[in-house]
Amino acid sequence: MLFGILRENDHRVSVTPELAKKFISEGHEVCFEIGAGTTAYFNDSSYTAVGATEKSREDILKTANVLITLDPISKEEVELLSEGTFLFSSFEPFQDASICELYATKGISAFSFDMIPRTTIAQSMDVLSSMASIAGYKAVLKATELLPRYMPMLSTAAGTVPPSKVLILGAGVAGLQAIATAKRLGAQVEAFDTRAASKEEVQSLGAKFVEVAGANDDTNAGGYAVEQSEEYKKKQAELINQKIEKADVVITTAQLRGRPAPTLISEEAVKSMKPGSVIVDIASSTGGNCALTEDAKVVKKHDVFIVGNSNLAADISEQASVLFSKNVQNYFKLMLTKEGFNFDFSDEIILQSCIVYKGEVIYGNEAKQQA
Ligand code: NAD
C-alpha cells in the first residue's frame with residue numbers, strides 16, 4: 001500500500017521518518033509532500049534517507065491508499081481521493097456527524113483517532129492524551145512568560161518573594177500535566193474538576209483539590225465529564241470565583257465532549273484578579289472556559305492577559321510529532337499487515353474508532369456497532 005504524508009496546518013507532522021521507515025520495512029511505500037516535516041525538524045532528506053519519495057500534494061491525494069493526518073483534509077481535497085482510500089485523522093464526528101456522509105459517498109474508509117476508547121489497553125494509542133499532556137505543560141510555560149511575577153518562593157537579600165498561586169480548572173490529562181509543571185516551577189497549586197476520580201490524582205501531584213459537594217455521577221461516562229445541575233454550577237461558581245480572585249495564574253482545560261466548553265470564569269471574575277495576572281484557556285476552540293477568551297489570540301482585558309489556545313501541542317512540534325507517530329504505530333499494530341489492512345471488528349478499539357467503512361457510515365449506527 002502507498003502511505004501519504006501531507007503538510008499539516010500547524011508545525012507538526014503525522015508520520016516521522018522513523019515510522020515511514022517502519023512502513024517501508026514492512027513492504028509498503030511512503031510518499032511525502034515537500035516540507036511535510038520541516039517545521040517539526042524532520043527535513044525532506046530524512047524521509048528520502050529511509051526510502052520515502054517526494055510527491056506533489058495533489059498527486060498524494062489522488063494516489064495514496066492510506067492518508068494519516070493530524071487534522072482532517074478539506075472537503076475540496078476529499079473530492080480528489082480515489083475510492084477505497086483509507087483516511088486516519090481526528091474527525092470529531094461528535095461535533096459534526098455529517099462529515100461521515102461525505103466520506104461514505106466517496107466510497108472511502110475513515111478511522112478517527114479521537115474515537116479510540118479511553119481504556120487502559122488503548123493508552124499507548126491515545127493521541128488525545130499525548131497532545132493534551134503537551135498542551136498542559138506548555139500552558140504553564142506561556143503563563144510564566146507573561147506573568148510579571150515569579151512562580152517560586154524566593155528568599156533574596158532584598159526580601160522574600162511569595163510563590164505565585166496557580167489555579168487549574170479541569171484536571172484531565174492537560175490539567176494534571178499543568179499541575180505537575182506549575183509544581184516543578186515552585187508555584188502554590190490548587191485544582192478543580194467535576195469528576196470525582198480526579199481528586200486523588202490532583203492530590204497525588206501535591207496540589208490542593210478545590211471541592212464542591214453534590215456533583216452528578218460520572219461513573220458511566222467513559223471517563224468524560226457529565227453535565228451538572230444548576231444548583232451545583234452555582235455553588236461551583238461561588239467557590240471558584242473566590243479562588244480566581246486570589247490566583248496569579250489560572251489554566252483552564254474544562255471540556256464537554258461534543259458540546260461547548262462550560263464558562264467557568266465570568267467577566268466579573270476577570271475584573272477581580274490582580275493586574276498582570278494570566279489566564280490560559282486551552283478550551284478556547286470549543287468556546288472557552290473564560291467569557292472573555294478569544295480563540296487563537298492573546299488579549300489583555302481588565303489588565304489580565306487571556307491566552308486562548310487549543311493548539312499548544314503544535315508549539316512543541318518535534319516532540320508532539322514523535323508522540324503522535326508512536327500512537328499511530330501502536331494503533332496500526334491492531335490492523336496493519338504486510339499484505340494490507342486486516343480489520344477485526346470484534347476489537348472494541350477498531351470498532352469504536354471506525355466511523356466509515358468502505359462507503360458505509362458506522363458512526364452512530366448502533367446495530368452495526370453491536371454486530
Ligand atoms: P477532557 O479534555 O474531555 O476535559 C478536561 C477536564 O475538564 C476533564 O477532567 C473534565 O472532567 C473536566 N471538566 C469538564 N467540565 C468541567 C467543569 N464544569 N468544571 C471543571 N472541570 C470540568 O478530558 P481528558 O483530559 O481528555 O480526560 C477525559 C477522561 O479520560 C479522564 O477521566 C481521563 O482520566 C480519562 N483518560 C483515560 C485514558 C486511558 O485510560 N486510556 C487516557 C486519557 C484520559
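Helices and strands here are DSSP runs numbered from the N terminus, with at least four residues for a helix and at least two for a strand. With that in hand, hello everyone, and a reminder that what you see is a predicted model.

Let me start with a single residue, Thr-263. Where does it sit? Thr-263 is in the loop between E12 and H10. Is it buried, exposed or something in between? Thr-263 is partly exposed, because 18 other C-beta atoms lie within 10 Å, and a residue needs 20 or more to count as buried. If we set aside neighbours within four places in sequence, Thr-263 is in contact with Asn-289 and Ala-291. There is also a pair to note with Ala-237: Thr-263 and Ala-237 lie 26 residues apart in sequence, and their C-alpha atoms are 9.5 Å apart in space.

That takes us to helix H9, which covers residues 230–246. H9 has 17 residues and spans 25 Å from first to last C-alpha, close to the 24 Å expected at 1.5 Å a residue. Which residues of H9 are buried? Gln-236, Ile-240 and Ile-244 are. Those three lie on the same side of H9, because they cover an arc of only 70 degrees around the axis. If you want the helical reasoning behind that, an α-helix has 3.6 residues a turn, so residues three or four places apart point the same way. On the face turned away from the buried side, H9 carries the exposed residues Glu-231, Lys-234 and Glu-238.

And what do the buried residues of H9 pack against? They pack against strands E9 (165–169), E10 (188–192) and E12 (249–252), and also against helix H10 (267–272).

Those three strands belong to a sheet, so let's go there next. It is an open sheet of seven strands, in the order E11-E10-E9-E12-E13-E15-E14, and its pairing is mixed. At the edges stand E11 (208–209) and E14 (297–301), each of which pairs on one side only.

I'd like to linger on E15, residues 304–308. On one side, E15 pairs in the parallel sense with E13 (residues 278–281) over four bridges. There, Ile-279 stands opposite Ile-306, and Val-280 stands opposite Val-307. The pairing with E14 is antiparallel, over five bridges, with Lys-300 opposite Phe-305.

How enclosed is E15? Five of its five residues are buried, so E15 is largely enclosed by the rest of the structure. Val-304, Ile-306 and Gly-308 point one way, while Phe-305 and Val-307 point the other way, and all are buried.

For those of you who like backbone torsions, look at the ends of E14. E14 and E15 form a hairpin with two residues between them, and His-302 in that turn has a positive phi of about 50 degrees. Asp-303, in the loop between E14 and E15, also has a positive phi, about 70 degrees, although it is not a glycine. Asp-303 counts as exposed because it has 12 other C-beta atoms within 10 Å, and the cut-off for exposed is 12 or fewer. In the loop between E13 and E14 we find Ala-296, whose phi is near 60 degrees, again positive in a residue other than glycine. Ala-296 is exposed, with 11 other C-beta atoms within 10 Å.

Now to the other sheet. Eight strands form an open sheet in the order E3-E2-E1-E4-E5-E6-E18-E19, also with mixed pairing. E3 (53–55) and E19 (360–361) stand at its edges with a single partner strand each, so one side of each has no neighbour in the sheet.

Let's step through part of that order. E1 (residues 2–5) and E4 (residues 66–68) run parallel, joined by two bridges, and Phe-3 has Val-66 as its bridge partner. E4 then runs parallel to E5 (residues 86–89), with three bridges between them and Ile-68 opposite Phe-88. E5 pairs with E6 (residues 109–112), parallel once more, over four bridges, and Ser-89 has Ser-112 as its partner.

Last stop, the ligand. Which residues come nearest? Of the 31 around the ligand, they are Gly-170, Gly-172, Gly-223, Ala-225 and Ala-254. By class, the shell has 14 nonpolar, twelve polar and five charged residues. Helices H6 (127–146) and H7 (173–184) each supply at least two residues of that shell.

Thanks for listening!

Key. Residues numbered from 1 in each chain as written. Predicted model: local features only at pLDDT ≥ 70, side-chain atom pairs only at ≥ 80, totals over all residues. Pairing = 2+ DSSP bridges. Near = placed C-beta within 6 Å. Nonpolar A, V, L, I, M, F, W, Y, C, P; charged D, E, K, R; others polar. Expected span 1.5 Å × (residues − 1). Arc of directions from axis to C-beta. Contact = placed C-beta atoms within 7 Å.
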